[in-house]
Amino acid sequence: MFDFHIKDATVIDGSGAEPFVADVAIKDGRVAAIGDIPGDAARTIHAADLVVAPGFIDIHSHTDSILFIDGRAESKITQGVTTELCGNCGFSAAPCLDELSCAELESWRRKNGIEEDWQGLGEMLSAMERRPIAINFATLVGHANLRSGSVGLAEREASPSEIDRMRSDLRDAMEQGAFGLSSGLIYPPSCYANLIELAGLASVVAQFGGFYSTHMRDEGDHLVEAVEEAISVGRQSGVGVQISHHKACGRANWGRVKTTLAMVDECRAAGMDISVDQYPYIASATSLSAMLPQWAYDGGDAALLERIRDRRCELLEFLSNNGRGECNEDEWKNVLISSVGSEDNRKCEGMSIEDIASQRGSRPEEVVLDLLAEERLAVSMVHFSLCEEDVETVMRSSFAMVGSDASARSVSGRLSRGKPHPRAYGTFSRILGRYVRERGVIGLETAIQKMTSLPARKMGLTDRGLLRAGNWADIVIFDPNEISDAATYENPHQISRGIKFVFVNGKLAVESGVLTGEMVGKVLRFSKATK
């Protein structure tokens with residue numbers, strides 16, 4: 001007696017192999033059999049004309065501690081995601097190694113009514129294990145967490161003893177279950193790290209068999225140099241490298257991904273473990289404060305707010321002269337405010353900087369600084385700075401995976417606020433609908449491979465990412481003629497279309513695009529033995 005018998009499905013197993021028609025049986029959380037399967041089941045699902053595939057793995061997610069607020073991960077699981085890798089771009093929910101980080105965690109816990117407390121990464125994972133969550137959760141350890149605990153927030157090089165302390169803290173996090181290290185080299189304090197520091201830390205990860213994921217130092221004018229730095233970290237440390245959300249920002253840089261992808265390809269041909277991930281949109285999203293120069297961050301948020309007040313003229317000049325924001329007088333219409341912290345500025349959500357400036361009678365550069373000051377830096381933006389051709393070029397690369405670069409959201413409740421980037425709801429379904437079915441950029445089995453076995457292999461997951469007997473039954477069933485993203489920039493809180501069923505660890509978590517209430521996700525801990 002099986003728990004579920006999925007009959008007459010088109011099976012795409014995640015390996016990149018051709019589809020085939022077969023039955024899939026589930027029992028006790030695992031894939032029990034694939035083929036022509038006799039026997040009874042508690043429930044039979046007739047899946048003729050539907051695709052059955054492994055559950056999708058979001059290799060670049062920012063859900064992190066949000067699962068303590070809402071464990072349903074609605075925006076992710078309804079597009080077929082069954083596993084998320086969090087702790088990206090240099091920031092992770094743990095460890096908290098300095099007084100400021102612990103204070104920020106305490107403030108967040110009070111604000112959200114979270115009883116659990118932690119410092120170490122293992123403590124955070126154990127706390128999450130005691131919570132019902134809808135999807136499987138894994139995490140990297142953030143470089144910013146390590147550096148703030150050793151060096152602080154100052155703009156300076158780490159001393160040898162400070163690097164040693166970071167290496168020790170990183171080793172602890174790896175032993176407690178981290179899958180590797182992430183860096184966010186445009187954000188403080190990670191942006192103050194040099195190659196010696198990064199390679200020294202990455203060598204610890206290499207000893208465990210984990211990998212290094214990097215939001216590179218530049219994705220615009222110095223894109224090639226940033227890729228060279230990521231490669232150097234891998235070469236000097238022996239660690240596997242994952243280049244996050246690979247793209248070229250700014251019209252002057254469009255097309256340069258052909259050069260950087262060739263660089264990666266050359267390294268792979270020489271035996272290096274290096275790959276990239278992407279989201280299928282021409283807009284990026286991050287904090288509005290990322291538009292400011294690195295020197296402004298020195299000392300942390302309080303110091304940045306002082307500089308916004310006291311060195312306003314310098315910052316206005318930087319923004320006016322096409323600084324890191326890559327905006328000029330004609331491009332501020334391409335920067336949208338996606339969220340703010342206060343009700344006073346709620347009306348700005350969904351508006352462009354240009355429109356807000358017109359409404360306020362200010363210059364766009366002044367709006368940037370004013371909003372940051374008014375909201376005490378709690379402002380997020382969406383920035384249209386990419387091109388469609390580059391998105392498709394990266395997608396065609398055999399070593400490119402899929403990552404949403406987004407946290408889980410919900411169509412109702414606390415996680416439905418603001419106007420987040422639609423990638424939170426539509427990344428995976430958009431690729432299968434727009435880029436596979438409509439535009440034919442890649443084939444369906446290739447797209448599924450990029451969402452399943454490729455990230456599983458990168459993470460070292462041996463029992464997920466492939467539809468095989470004995471593997472955990474993380475499964476998505478979708479209509480290839482219907483699947484598509486519904487989320488837009490104007491109305492992002494919309495569930496994807498065409499996802500019929502999603503199983504997590506053998507339980508039916510989504511039916512006809514609706515959550516069933518099953519919350520059987522697992523906390524995954526990296527467990528490969530130290531080399």
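This passage walks through the strands, helix pairs and nonpolar cores of a predicted model.

Strand β1 is a handy place to start. Spanning residues 2-11, β1 runs parallel to strand β4 (residues 41-46), and five bridges join the two. Within that pairing, K7 has H46 of β4 as its bridge partner. Strand β2 (residues 20-27) is joined to β1 as well, this time in the antiparallel sense and through six bridges. Here A9 is matched with A22 of β2. Strand β5 (residues 51-54) also pairs with β1, in the parallel sense, over two bridges. In this pairing V11 stands opposite V52 of β5. As a reminder, strands of a sheet pair through backbone hydrogen bonds, either parallel or antiparallel.

Further along the chain sits an open sheet of three strands, ordered β14-β16-β15 and paired antiparallel. Its edge strands are β14 (283-287) and β15 (335-340), each of which pairs on one side only. From one strand to the next, the twist averages 20°. Looking at one of these pairings in detail, β15 and β16 (residues 379-384) run antiparallel and are joined by five bridges. One residue pair to look for is V335, whose bridge partner in β16 is H383.

Turning to the helices, two packed helices are described by the angle between their axes and the distance between the axes. For helix α5 (residues 143-150) and helix α6 (residues 160-175), the axes come within 9 Å and cross at roughly 130°. An angle like that falls outside the roughly parallel, antiparallel and perpendicular ranges, so α5 and α6 count as oblique to each other. The crossing of α5 and α6 is right-handed. On the α5 side, the contact is made by L146, R147, G149 and S150, while α6 brings in E162, R165, M166, D169 and L170.

G149 deserves a closer look. This residue of helix α5 has a relative accessible area of 7%. The cut-off for buried is under 20%, so G149 is buried. Setting aside its neighbours within four places in sequence, G149 is in contact with L97, D98 and R165. By contrast, I442 lies 44 Å from G149, C-alpha to C-alpha, and the two are 293 residues apart in sequence.

A second helix pair involves helix α9 (residues 257-269) and helix α14 (residues 388-396), which pack at an angle of about 15° with their axes 10 Å apart. Angles under 35 degrees count as roughly parallel, so that is the label for α9 and α14. The crossing of α9 and α14 is right-handed. V257, K258 and L261 of α9 make the contact with E389, D390, T393 and V394 of α14.

As for the nonpolar interior, the largest core has 106 residues, and those touching the most other members are F56, M124, L170, F179, I243, L432 and F478. Helix α7 (residues 195-208) supplies the largest share of this core, at seven residues. A second, separate core of 34 residues includes Y297, L305, I353 and L369. Back in the largest core, two of the well-connected members can be followed further. L170 is among the α6 residues that make the contact with α5. I243, leaving out neighbours within four places in sequence, is in contact with T214, M216, V227, A230, V264, I274, S275, V276 and D277.

Note on methods:
Residues are numbered from 1 along each chain as its sequence is written. This is a predicted model: local features need pLDDT of at least 70, side-chain atom pairs count only at pLDDT 80 or more; totals for chains, interfaces and linings use all residues. Side-chain values use heavy atoms; hydrogens and water are left out. Two strands pair if DSSP finds at least two bridges between them. Helices (H or I, at least four residues) and strands (E, at least two) are DSSP runs, numbered from the N terminus. Axes are lines fitted to C-alpha atoms, for helices over the stretch in contact, and angles run from 0 to 180 degrees between N-to-C directions. A nonpolar core is a set of buried Ala, Val, Leu, Ile, Met, Phe, Trp, Tyr and Cys residues joined through side-chain atoms within 4.5 Å. Buried means under 20% relative accessible area, exposed over 50%, partly exposed in between (1.4 Å probe, protein chains only). Contact means heavy atoms within 4.5 Å. Angles under 35 degrees count as roughly parallel, over 145 as roughly antiparallel, 65 to 115 as roughly perpendicular and the rest as oblique. A crossing is left-handed if the near helix is turned anticlockwise from the far one by less than a right angle, and right-handed if clockwise.
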